[in-house]
Amino acid sequence: MVTEWVLLPVPQEDYAELRQMVEYRQLQRGKAPSPSMEELSGDELTINMARRAALDRHKAWPVNALQRLSEGATLTAQRWATVMDLCARRPGRMFATEEVSVKTGIPINAWRDACRKVGAHLRKHYPEVPRWEHKPIAGAPMWPLVTISGRKLKMPDQLYVGITAEQANRWTSVR
(Lines give C-alpha, C1' and ligand atoms only; values in the text may rest on other atoms or scores of the structure.)
Protein backbone atom coordinates (compact mmCIF):
# COMPACT_ATOMS: atom_id res chain seq x y z
CA MET A 1 0.00 0.00 0.00
CA VAL A 2 1.32 3.42 -0.99
CA THR A 3 1.65 6.07 1.69
CA GLU A 4 -0.69 9.01 1.14
CA TRP A 5 1.05 12.10 2.51
CA VAL A 6 -0.89 15.11 3.76
CA LEU A 7 0.25 18.52 4.94
CA LEU A 8 -0.20 19.21 8.64
CA PRO A 9 0.76 22.58 10.06
CA VAL A 10 2.30 22.08 13.50
CA PRO A 11 3.77 24.44 16.07
CA GLN A 12 7.51 24.86 15.56
CA GLU A 13 8.27 23.56 19.06
CA ASP A 14 6.50 20.25 18.27
CA TYR A 15 7.97 19.72 14.80
CA ALA A 16 11.05 17.66 15.72
CA GLU A 17 9.12 15.32 18.00
CA LEU A 18 6.31 14.75 15.48
CA ARG A 19 8.76 14.26 12.62
CA GLN A 20 10.64 11.64 14.65
CA MET A 21 7.38 9.86 15.49
CA VAL A 22 6.28 9.76 11.82
CA GLU A 23 9.69 8.51 10.66
CA TYR A 24 9.67 5.77 13.32
CA ARG A 25 6.16 4.60 12.41
CA GLN A 26 6.92 4.63 8.69
CA LEU A 27 10.03 2.50 9.23
CA GLN A 28 7.94 0.06 11.33
CA ARG A 29 5.60 -0.27 8.33
CA GLY A 30 8.57 -0.92 6.05
CA LYS A 31 7.98 2.36 4.21
CA ALA A 32 10.14 5.35 3.36
CA PRO A 33 10.42 7.58 6.44
CA SER A 34 9.54 10.73 4.50
CA PRO A 35 7.95 11.62 1.17
CA SER A 36 10.03 11.84 -1.99
CA MET A 37 10.41 15.14 -3.84
CA GLU A 38 7.93 13.85 -6.43
CA GLU A 39 5.37 13.10 -3.72
CA LEU A 40 5.86 16.54 -2.17
CA SER A 41 5.47 18.41 -5.43
CA GLY A 42 2.46 16.44 -6.61
CA ASP A 43 -0.91 18.03 -7.13
CA GLU A 44 -2.49 15.68 -4.60
CA LEU A 45 -0.93 17.54 -1.66
CA THR A 46 -2.11 20.88 -3.01
CA ILE A 47 -5.60 19.54 -3.67
CA ASN A 48 -5.81 17.87 -0.27
CA MET A 49 -4.64 21.04 1.45
CA ALA A 50 -7.27 23.17 -0.34
CA ARG A 51 -10.02 20.67 0.48
CA ARG A 52 -8.97 20.41 4.12
CA ALA A 53 -8.73 24.19 4.48
CA ALA A 54 -12.27 24.61 3.13
CA LEU A 55 -13.61 21.92 5.46
CA ASP A 56 -11.72 23.33 8.46
CA ARG A 57 -13.12 26.86 7.90
CA HIS A 58 -16.71 25.68 7.92
CA LYS A 59 -18.68 26.06 11.14
CA ALA A 60 -21.56 23.70 11.86
CA TRP A 61 -25.03 25.15 11.93
CA PRO A 62 -27.23 24.96 15.02
CA VAL A 63 -29.52 21.92 14.97
CA ASN A 64 -32.68 24.08 15.00
CA ALA A 65 -31.57 25.84 11.80
CA LEU A 66 -30.83 22.50 10.12
CA GLN A 67 -34.24 21.25 11.22
CA ARG A 68 -35.92 24.24 9.56
CA LEU A 69 -33.90 23.73 6.38
CA SER A 70 -34.85 20.06 6.40
CA GLU A 71 -38.54 20.98 6.56
CA GLY A 72 -38.29 23.97 4.19
CA ALA A 73 -41.09 24.41 1.69
CA THR A 74 -39.22 26.59 -0.81
CA LEU A 75 -37.63 25.02 -3.86
CA THR A 76 -34.24 26.39 -2.78
CA ALA A 77 -34.52 24.74 0.65
CA GLN A 78 -35.71 21.45 -0.86
CA ARG A 79 -32.84 21.31 -3.32
CA TRP A 80 -30.31 22.10 -0.63
CA ALA A 81 -31.81 19.45 1.65
CA THR A 82 -31.53 16.86 -1.13
CA VAL A 83 -27.87 17.72 -1.76
CA MET A 84 -27.15 17.74 1.97
CA ASP A 85 -28.57 14.20 2.15
CA LEU A 86 -26.13 13.18 -0.59
CA CYS A 87 -23.13 14.83 1.08
CA ALA A 88 -24.01 13.54 4.56
CA ARG A 89 -23.52 9.97 3.33
CA ARG A 90 -19.83 10.77 2.63
CA PRO A 91 -18.54 13.52 4.98
CA GLY A 92 -15.36 15.17 3.74
CA ARG A 93 -15.90 14.15 0.11
CA MET A 94 -16.43 16.93 -2.43
CA PHE A 95 -19.10 16.50 -5.12
CA ALA A 96 -18.93 18.41 -8.43
CA THR A 97 -22.01 20.16 -9.79
CA GLU A 98 -22.37 17.53 -12.54
CA GLU A 99 -22.10 14.70 -10.02
CA VAL A 100 -24.65 16.38 -7.73
CA SER A 101 -27.05 16.50 -10.67
CA VAL A 102 -26.53 12.85 -11.61
CA LYS A 103 -26.79 11.52 -8.04
CA THR A 104 -29.77 13.63 -6.95
CA GLY A 105 -31.76 14.05 -10.15
CA ILE A 106 -31.63 17.84 -9.77
CA PRO A 107 -30.91 19.35 -13.21
CA ILE A 108 -27.56 21.19 -13.33
CA ASN A 109 -29.16 24.57 -13.99
CA ALA A 110 -31.65 24.03 -11.15
CA TRP A 111 -28.78 23.28 -8.73
CA ARG A 112 -26.88 26.34 -9.97
CA ASP A 113 -30.05 28.39 -9.47
CA ALA A 114 -30.36 27.09 -5.90
CA CYS A 115 -26.74 28.13 -5.28
CA ARG A 116 -27.40 31.62 -6.67
CA LYS A 117 -30.48 32.04 -4.48
CA VAL A 118 -29.22 30.52 -1.24
CA GLY A 119 -27.51 33.69 0.03
CA ALA A 120 -30.72 35.74 -0.02
CA HIS A 121 -32.65 32.77 1.37
CA LEU A 122 -30.25 32.44 4.30
CA ARG A 123 -30.24 36.18 5.05
CA LYS A 124 -34.04 36.16 5.17
CA HIS A 125 -34.72 32.92 7.08
CA TYR A 126 -31.58 31.95 9.05
CA PRO A 127 -30.27 34.82 11.20
CA GLU A 128 -28.69 32.40 13.71
CA VAL A 129 -26.34 30.54 11.37
CA PRO A 130 -22.57 31.14 11.50
CA ARG A 131 -21.24 34.08 9.49
CA TRP A 132 -18.18 34.30 7.28
CA GLU A 133 -15.30 36.16 8.85
CA HIS A 134 -13.12 36.79 5.78
CA LYS A 135 -13.46 39.42 3.09
CA PRO A 136 -15.12 39.96 0.67
CA ILE A 137 -18.03 37.99 2.19
CA ALA A 138 -17.50 38.86 5.86
CA GLY A 139 -20.83 38.92 7.71
CA ALA A 140 -22.69 36.86 5.10
CA PRO A 141 -24.41 33.69 6.33
CA MET A 142 -22.27 30.58 5.95
CA TRP A 143 -23.82 28.06 3.56
CA PRO A 144 -24.81 24.73 5.10
CA LEU A 145 -22.34 22.92 2.82
CA VAL A 146 -18.64 23.50 2.28
CA THR A 147 -17.98 24.92 -1.18
CA ILE A 148 -14.83 25.16 -3.22
CA SER A 149 -14.03 26.06 -6.80
CA GLY A 150 -12.81 23.34 -9.12
CA ARG A 151 -9.85 25.59 -9.98
CA LYS A 152 -8.56 25.22 -6.41
CA LEU A 153 -8.90 21.45 -6.69
CA LYS A 154 -7.22 21.37 -10.13
CA MET A 155 -10.45 19.88 -11.43
CA PRO A 156 -13.00 21.03 -14.02
CA ASP A 157 -14.23 24.51 -13.18
CA GLN A 158 -17.41 23.62 -11.35
CA LEU A 159 -18.63 24.25 -7.84
CA TYR A 160 -17.73 21.40 -5.51
CA VAL A 161 -19.74 20.86 -2.33
CA GLY A 162 -19.17 18.69 0.70
CA ILE A 163 -20.01 18.46 4.37
CA THR A 164 -17.98 18.24 7.56
CA ALA A 165 -18.42 15.24 9.85
CA GLU A 166 -19.96 17.43 12.55
CA GLN A 167 -22.46 19.02 10.16
CA ALA A 168 -23.30 15.58 8.72
CA ASN A 169 -24.01 14.24 12.21
CA ARG A 170 -26.27 17.18 12.99
CA TRP A 171 -28.00 16.91 9.64
CA THR A 172 -28.70 13.19 9.93
CA SER A 173 -30.08 13.73 13.44
CA VAL A 174 -32.84 15.96 12.02
CA ARG A 175 -33.59 13.81 8.95
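**Helix crossings and pockets**

Tutor: The crossing of helices α4 and α8 is right-handed. The model these values come from is a predicted one.

Student: What makes the crossing of α4 and α8 right-handed?

Tutor: A crossing takes that name if the near helix is turned clockwise from the far one by less than a right angle. The crossing of α4 and α8 is right-handed, so the turn there is clockwise.

Student: Why are α4 and α8 called oblique to each other?

Tutor: Helix α4 covers residues 63-70 and helix α8 covers residues 165-174, and their axes cross at roughly 55°. Roughly parallel needs an angle under 35 degrees, roughly perpendicular needs 65 to 115, and roughly antiparallel needs one over 145. An angle of roughly 55° fits none of these ranges, so the pair is oblique.

Student: How do you know that α4 and α8 meet, and which residues are involved?

Tutor: Contact here means heavy atoms within 4.5 Å. On that test, Val-63, Leu-66, Gln-67, Leu-69 and Ser-70 of α4 meet Gln-167, Arg-170, Trp-171, Ser-173 and Val-174 of α8. Sorted by class, this contact has 5 nonpolar, 4 polar and 1 charged residues. The two axes come within 9 Å.

Student: Why does one describe a packed pair with two values?

Tutor: Two packed helices are described by the angle between their axes and by the distance between those axes.

Student: What are those values for α5 and α7?

Tutor: Helix α5, residues 75-88, packs against α7 at an angle of about 115°, and the axes are 9 Å apart.

Student: Why are α5 and α7 called roughly perpendicular rather than oblique?

Tutor: The range for roughly perpendicular is 65 to 115 degrees. The angle is about 115°, so α5 and α7 count as roughly perpendicular.

Student: Is the crossing of α5 and α7 left-handed or right-handed?

Tutor: Helix α5 passes α7 in a left-handed crossing. By definition, the near helix is then turned anticlockwise from the far one by less than a right angle.

Student: Which residues of α5 and α7 meet?

Tutor: From α5 there are Thr-76, Ala-77, Arg-79, Trp-80 and Val-83; from α7 there are Ala-110, Trp-111, Asp-113, Ala-114, Cys-115, Lys-117, Val-118 and His-121. They divide into 8 nonpolar, 2 polar and 3 charged.

Student: What makes α5 roughly perpendicular to α6?

Tutor: Helix α6 spans residues 97-104, and α5 packs against α6 at about 95°, with the axes 10 Å apart. An angle of about 95° falls in the range of 65 to 115 degrees, so α5 and α6 are roughly perpendicular. Thr-82, Val-83 and Leu-86 of α5 make the contact with Val-100, Lys-103 and Thr-104 of α6. By class, the residues of that contact are 3 nonpolar, 2 polar and 1 charged.

Student: How many helices and strands does the chain have?

Tutor: The chain has 8 helices and 3 strands. From the N terminus, their order is α-α-α-α-α-β-α-α-β-β-α.

Student: What makes a residue part of the lining of the largest pocket, and how many are there?

Tutor: A lining residue has an atom within 4 Å of a point of the pocket. For the largest pocket, 23 residues line the space, and Trp-5, Val-6, Leu-8, Arg-19 and Val-22 lie nearest its centre. Two elements, α1 (12-28) and α3 (43-57), give two or more residues to this lining. The largest share, 8 residues, comes from α1. The volume of this pocket is about 780 Å³.

Student: Where does the largest share of the lining of the second largest pocket come from?

Tutor: Strand β2 gives that share, 4 residues. The second largest pocket has a volume of about 400 Å³ and is lined by 17 residues. Among them, Trp-132, His-134, Ile-137, Thr-147 and Ile-148 lie nearest its centre.

Student: Which peptide bond is cis?

Tutor: The bond from Lys-135 to Pro-136 is cis, with omega near 10°. Pro-136 sits in the loop between α7 and β2.

Technical notes:
Residues are numbered from 1 along each chain as its sequence is written. This is a predicted model: local features need pLDDT of at least 70, side-chain atom pairs count only at pLDDT 80 or more; totals for chains, interfaces and linings use all residues. Side-chain values use heavy atoms; hydrogens and water are left out. On a 1 Å grid over the protein atoms alone, a cavity is a set of points where a 1.4 Å probe fits but cannot get out, and a pocket is an open set with protein on both sides within 12 Å along at least five of seven lines; lining residues have an atom within 4 Å of a point. Grid points are joined across faces, edges and corners, and a volume is the space filled by probe spheres set on the points. Axes are lines fitted to C-alpha atoms, for helices over the stretch in contact, and angles run from 0 to 180 degrees between N-to-C directions. Ala, Val, Leu, Ile, Met, Phe, Trp, Tyr, Cys and Pro count as nonpolar, Asp, Glu, Lys and Arg as charged, and the others, Gly among them, as polar.
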